[in-house]
Amino acid sequence: YDNMKASGTIGLTNMKLKMQDMPDVDIKKSLFTFTPKYLQLSETTVNIGKNDITADSRFENYIGYALKGTTLKGTLNIHSNYFNLNDFMTASADSVATTEAAATDSTAIAGVIEVPRNIDFQMDANLKQVLFDKMTFNNMNGKLVVKDGKVDMKNLSMGTMGGNVVMNGYYSTANAKKPEMKAGFKLSDISFSQAYKELDMVQQLAPIFENLKGNFSGSINVLTDLDAAMSPVLETMQGDGSLSTRDLSLSGVKAIDQIADAISQPSLKEMKLDFTIKDGRVETKPFDIKMGDYNLNLSGSTGLDQTIDYSGKIKLPASTGISKLMTLDLKIGGSFTS
C-alpha cells in the first residue's frame, strides 16, 4: 500500500446509522479528504442520540492501521454542547453482562472504556456540558494526549459541584483488567454538600461533608485503581491534599454536637485541613475548629468502614475562671453514626 496512489473527497449529509447496543447516529454533515498519507475529516457534525459532536481532525497512516494494525496518528479538535457518557457506559456494561457467565474474568472489564494501544492522538476538547455518573461538568476545556493505552490530561478545566476544577493526570488501560488513574486536582469554591451528593468516594471517606454548609478550595493528588464502573477502588487509593474554607457552618455531626452541648455552639469562620489517603483511611494533620470562645484542635483518621479515630485538645478561654487547667485532652472514637 506504500506505493498506492489515490486521492479525493467524500461528502456526507444527513446520513443515519443504526447499530446494535448504540443510540442512533445522525451525521449532519462531514467532508473526507484523503491521500495515501493522510485522511482529513472536516466540517463534521454528528448526533449520537441526544449527544452532539463537532470535529475537525487529521489522521496519518490510516491505511497501515486498517490493513496491518500499525499505529494511527492524528490530531483532533472536538466541540460539543451536550455529551452524556452514561449513554455509552450503560451500553458497554450491558453488552459485557450478557457474556459474563461464559468468561470468568469478564467482570473485570465490564463498562471500562479501553484505550487502544495503537493510536497516537493529540486532542483539544471544548465541551459545554458533560454528564458522567451523578456528576455534571460545564465548560470543559483542555488538551488530551492518547498514546500506548493511556490518556494524558493537561490543564483540563471544568465547572462542577458549584465551583471549578483543573485536572492534570492520566487514565490508563495498559492493563485492561486493572485500569488506573493518577491525577492532581486544583479546586476552587466547591460546595461541600454537592461533593457529598455527587461523589461516592466522598460519601464513603468523608461523610461529614453532608452536614457542612459552605465551599472549599485547595488541591488533591490521587493514585488509584478503577473498578468495572470506572469508579475508584478506595482500598487501593493513595494520595494527599490540602483543603481550606471560609464561612463554614456545620450541624448534625454527632461528635461535634455532643462537644457543643458541653460548651457552646460551633462557630467556624476559617479552617485549613491537610490530609493523606492510604490503606482505605483519610488521615488528617492537626487542624483547628473554633467553637464560640473555645478552640478545638483535632487530628486523626476516618475509614472506609465509617470508623473514626481522632484525638485533640480543647483550649479553655480565660472567661472560665480556671487558671491551672487551661487545656483538656479529648478523644473521639466509634463511627460516624455513633
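This note walks through selected local features of a predicted model, taken up point by point.

1. A convenient place to begin is with the aromatic side chains, since the structure holds four aromatic pairs. In one of these pairs, the ring centres of F192 and F209 lie 4.9 Å apart while the planes stand at 85 degrees, so the arrangement is edge-to-face, the class that applies to angles over 60 degrees. This pair links distant parts of the chain, with F192 in helix α3 (residues 192-198) and F209 in the loop between α4 (200-205) and β12 (212-213), 17 residues apart.

2. F192 also takes part in an aromatic pair with F216, which is tilted, with 4.8 Å from centre to centre and 45 degrees between the planes. Here too the pair links distant parts of the chain, because F192 belongs to helix α3 whereas F216 belongs to strand β13 (residues 215-225), with their positions 24 residues apart in the count. Taken together, F192, F209 and F216 form one aromatic cluster.

3. How buried or exposed are the members of this cluster? F192 has a relative accessibility of 4% and therefore counts as buried, the limit being under 20%, and F209, at 11% relative accessibility, counts as buried as well. F216 is likewise buried, as is its partner F192.

4. Aromatic rings also meet charged groups in this model, and two cases deserve a look. The charged end of R58 sits over the ring of Y38, at 3.8 Å from the centre of that ring. The charged end of K150 sits over the ring of Y170, and here the distance to the ring centre is 4.8 Å.

5. For a reader checking the backbone, N61 has a positive phi of about 65 degrees although it is not a glycine. N61 is found in the loop between β4 (51-60) and α1 (62-68), and with a relative accessible area of 27% it is partly exposed. D133 is another non-glycine residue with a positive phi, in this case of about 55 degrees, and its place is in the loop between β7 (119-132) and β8 (135-147). At 41% relative accessibility, D133 counts as partly exposed, because that value falls between the 20% limit for buried and the 50% limit for exposed.

6. Turning to the strands, β16 (residues 270-278) and β17 (residues 281-291) run antiparallel and are joined by four bridges, and I277 stands opposite V282 in β17. The hairpin of β16 and β17 has two residues between the strands, and within it D279 takes a positive phi near 55 degrees. Strand β17 is also joined to β18 by nine bridges, again with the two strands running antiparallel, and the bridge partner of K290 is N295 in β18.

7. Where does T302 lie? T302 is found in strand β18 (residues 294-303), and its relative accessibility of 7% means that it counts as buried. The side chain of T302 reaches the backbone oxygen of L205 at 3.0 Å. Leaving aside residues up to four places away in sequence, T302 touches L205, G280, R281, V282, T307, I308, Y310 and F336; one of these, V282, is the residue in β17 that stands opposite I277.

Note on methods. Residues are numbered from 1 along each chain as its sequence is written. This is a predicted model: local features need pLDDT of at least 70, side-chain atom pairs count only at pLDDT 80 or more; totals for chains, interfaces and linings use all residues. Side-chain values use heavy atoms; hydrogens and water are left out. Rings of Phe, Tyr and Trp (its six-membered ring) pair if their centres lie within 6.5 Å; planes under 30 degrees apart count as stacked, over 60 as edge-to-face and the rest as tilted. Buried means under 20% relative accessible area, exposed over 50%, partly exposed in between (1.4 Å probe, protein chains only). A charge sits over a ring if NZ of Lys or CZ of Arg is within 6 Å of the ring centre and within 35 degrees of the ring normal. A polar contact is a pair of N or O atoms within 3.5 Å; within protein, one must be able to donate a hydrogen and the other to accept it, and residues adjacent in sequence count only if both atoms are side-chain atoms. Contact means heavy atoms within 4.5 Å. Two strands pair if DSSP finds at least two bridges between them.
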